[in-house]
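Student: I would like a close look at a single part of this protein. Please take one strand and explain what lies around it.

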Amino acid sequence: MPRLTLAIDAMGGDFGPCVTVPAAMQALASNTQLHLLLVGDPDNISSFLAKADSALLARLQVIPAESVIASDAKPSQAIRHSRGTSMRVALELVKEGRAQACISAGNTGALMGLAKMMLKPLDGIERPALMTVLPNQLKGKTVVLDLGANVESDSAMLVQFAVMGAVMAEEVLSIHSPRVALLNIGQEETKGLSSIRDAAVILRASPEINYIGYLEGNDLLTGKTDVMVCDGFVGNVTLKTMEGVVRMFLSLLKSQGEGKKRAWWMTLLARLIKKRLEKRFGHLNPDQYNGACLLGLRGTVIKSHGAANQRAFAAAIEQAEQAVARQVPERIAARLQAVLPKSE
């Protein structure tokens, strides 16, 4: 395997270096071909490297950055004053070819705007979309986009998301003729916003897309579709609602019966049931699939949850490794030329 270099915005997210640096070390320990560029305040980052393995440190370099984009900053203002920030420096490393991908848990709007400005969208793509791959109950995978990069999306953008999602499912997940659905409030053709209905008309007439119609939110994890398409507002609310329910369920499993006195056989039975449930539903733990890929750019950018813990941020780094290895931007660009209509 060839050398792989990733740039990490070490200062982004709710917790900054106390999460990103340990996650980076975990990633280095898991992949001997991985090299990391940690971007941020050198003193702050170095304090979390004091006890690190010297063999791992040999594959890590700290890149200084003067400041951090606040998570609550207005994207337009953050972009105007982004020079010297950890997020922008990390993206510049990708643009200059020093890194093959960027990972950040920082401000989503700023990351979207800066990535679009610096790395440029692929031909035929108006705006990139945040995409993740979720496990479904059929033990398969479902591509979901957009997850928050675009609060509003017209019909043309939804069609572009559908194309990118289908390419992702086919080229990366090896799903032949992936099924594509639009997330809507009902399955009837008359339901939903005009942008969704108009996108449905275009997709239905496209022979390159295996469009199966509308699906509702309760179908997200059923495996009825390989690609679920929606605007960023709906996608973000849907994903976080689902993650909240899953986290509550898993936390109930962990706390069930704590502090209660039971007969030994009831305790044993409860543990057996708990283990079976965790084995059956543990793969739905949001920490395991943290990291949304910003599709539609000429480079690879991964957005981690701002509240990600070490395990979750390490998963985002792994997402970047896989995206680079599978040449996601290049494969999408090649397929877009054949699928999207040529501009006049």
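Tutor: What follows looks at strand β11 and its surroundings, after some words on the whole protein. This is a predicted model, in which local features need pLDDT of at least 70 and side-chain atom pairs count only at pLDDT 80 or more, while totals for chains, interfaces and linings use all residues. Residues are numbered from 1 along each chain as its sequence is written, and side-chain values use heavy atoms, with hydrogens and water left out.

The protein has 12 helices and 11 strands; these are DSSP runs numbered from the N terminus, with at least four residues of H or I for a helix and at least two of E for a strand. Of its 344 residues, 50% count as buried, that is, under 20% relative accessible area with a 1.4 Å probe, protein chains only. Among contacts (heavy atoms within 4.5 Å) with a separation of 6 or more, 73% are between residues 24 or more positions apart.

Now the sheet. The 11 strands form an open sheet with mixed pairing, in the order β3-β2-β1-β4-β11-β10-β5-β6-β9-β7-β8. Its edge strands, β3 and β8 (210-215), each pair on one side only. Two strands pair if DSSP finds at least two bridges between them. Neighbouring strands here are turned by 25 degrees against each other on average, direction ignored; axes are lines fitted to C-alpha atoms, for helices over the stretch in contact, and angles run from 0 to 180 degrees between N-to-C directions.

Strand β11 covers residues 300-303 and runs antiparallel to β10 (residues 292-295), to which 2 bridges join it. Opposite Ile302 in β11 stands Cys293. In general, strands of a sheet pair through backbone hydrogen bonds, either parallel or antiparallel.

Two helices touch this strand. Helix α6 (residues 108-119) lies across β4 (101-104), β5 (129-135), β10 and β11, and runs at about 180 degrees to β11. Helix α11 also packs on the sheet, touching β1, β2, β4 and β11, and its direction makes about 140 degrees with that of β1.

One residue of the strand shows these surroundings in detail. Thr300 belongs to β11. Is Thr300 buried or exposed? Thr300 is buried, because its relative accessible area is 4%. Leaving out residues up to four places away in sequence, Thr300 touches Gln100, Ala101, Cys102, Ala323, Val324 and Pro329.
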